[in-house]
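Me: Please take a close look at one part of this model with me, the part where metal is held. I am new to the subject, so please explain each term as you reach it.

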Amino acid sequence: MGDSVRNHVSWNCMIAVYGQHGHGRKAMELFQDMARRGFTADACTLASVLSAFATAKDLVADQECGKVAEAKMLFDRMTERNTVSYNSIIAGLAQHGHAAEALKLVEGMLNSEYELTEITFISVLSACSHTGKIDEGWDYFNSMKQKYEIDPCEEHYSCMIDLLARARKFDEAEELITKMPFSLSPVGWTSLLGACRTHGNMELGARATKEILHLSPSNASAPVVLSNMYASAGKWEEAAKIRKLMRDQDIRKKPGCSWIELGRTVHIFVANEVSHPRIKEVYRFLEVMSEKMRLAGYVPDVRWALAKDQTEEGEVRLRHHSEKLAVAFGLMNTKEGEPILVMKNLRICGDCHNAIKIISAITHREITVRDAHRFHCFSDGSCSCGDYW
Ligand SMILES: [Zn+2]
Ligand SMILES: [Zn+2]
């Protein structure tokens, strides 16, 4: 298409189409291209770009943090803001791990003429949950009905239950599950199980697993999590019982894998990888790194190893989790100071989370891990999720 026939409508269309199909990066590149060619963005364009940003799953590490800033700048520059653009930027910030900034914008919205909608509240509650703001969470949740006449849907309840459980308020979380007019979805139960694992609540963890298996019988990660919880508490018999149940019902765990794109090649790693051509170098790199990590105060957390693995050998296996391998490979093959992005098909494990925080400090690198649940931007020894995930 020549410039002569390109007009605002066609630019807006293209940007919207890319955005709606999850190609956030492409949408934002098109937007930059549009600006370079002298087209000025109108309210419609900006809305599309922001919504592409909110739903983007393909932003890569070296650009991602820049894109967040860019989207925020776009939003600040908008003269005609509306509820939709507010919702887009808030959802984008919350999704990309900038919960505090998302909440700041919500406050801005409260002081403006724009009303918070059902969609805003989902972002708001998940931002509260990621920053551990219980009181604010309750205030927003209660105001939905009282002030905005919005009936909370399952997703709102689910966010609220997640917020409570992450903060160890398990009684309140259970009360809400009983009181809510819906049944909690498998996603809701899964995040509850995650909180139970983090805080060692075996009883509720078992209930969550039962509910998950009832709703999706082939789900293999829930029973694995529960069996690891039992094992880490020394309840071997309980752990074995769950493993037997999985064997009997032929529930198989989806193998965890992590990958990193370098140049145009995608390098995939599974735990204790043997087939990658450079895996020996990776293991050596991690061996050297683990010494530096120990000096920096890292202690391997064997609770994340399998029951039979709580030995020295188990520690090595812990060191060879797929996300650590992919991160190491990224560090070995990029220039100093360059940020890296690793993807994982399951949730990141607690020991890897801790290890990568320390690696980010030792190497002075920004390391982003996109797991099945969210973005983790590690830098300088901490993670953007604030250890809530
Ligand atoms: Zn791990
Ligand atoms: Zn994190």
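Reply: A donor, in what follows, is an N, O or S atom within 2.8 Å of the metal (3.2 Å for Na, K and Ca), and since water is not among the atoms, a site may look incomplete. Before the details, please keep in mind that this is a predicted model, in which local features need pLDDT of at least 70 and side-chain atom pairs count only at pLDDT 80 or more, while totals for chains, interfaces and linings use all residues. Residues are numbered from 1 along each chain as its sequence is written, chains are lettered from A and ligands numbered from 1 in the order in which they are written, and side-chain values use heavy atoms, leaving out hydrogens and water.

Let us begin with the zinc ion (ligand 1), which is coordinated by H321 through ND1 and by C349 and C352 through their SG atoms, at 1.9 to 2.1 Å. Along the chain these donors follow the spacing H-x27-C-x2-C, in which 27 residues separate H321 from C349 and two separate C349 from C352. Are the two cysteines buried or exposed? Buried means under 20% relative accessible area, exposed over 50%, and partly exposed in between, using a 1.4 Å probe and protein chains only. C349 counts as buried because its relative accessibility is 10%, and C352 is buried too, with a relative accessible area of 0%.

The zinc ion (ligand 2) has as its protein donors H353 (NE2), H376 (ND1), C383 (SG) and C385 (SG), which lie 2.0 to 2.3 Å from the ion. What is the arrangement of these four donor atoms? The angles that they subtend around the zinc ion (ligand 2) run from 101 to 115 degrees, and therefore the arrangement is tetrahedral, a term used for four donors when all angles lie between 85 and 135 degrees.

The spacing of these donors along the chain is H-x22-H-x6-C-x1-C. Within this set, H353 and C383 link distant parts of the chain, being 30 residues apart, with H353 in helix α18 (residues 350–363) and C383 in strand β6 (residues 382–383). Helices (H or I, at least four residues) and strands (E, at least two) are DSSP runs, numbered from the N terminus. Both H353 and C383 are buried, so that, by the definition given above, each has under 20% relative accessible area.

Technical notes: Tetrahedral: all angles 85-135°; square planar, octahedral: opposite > 155°, others 65-115°.
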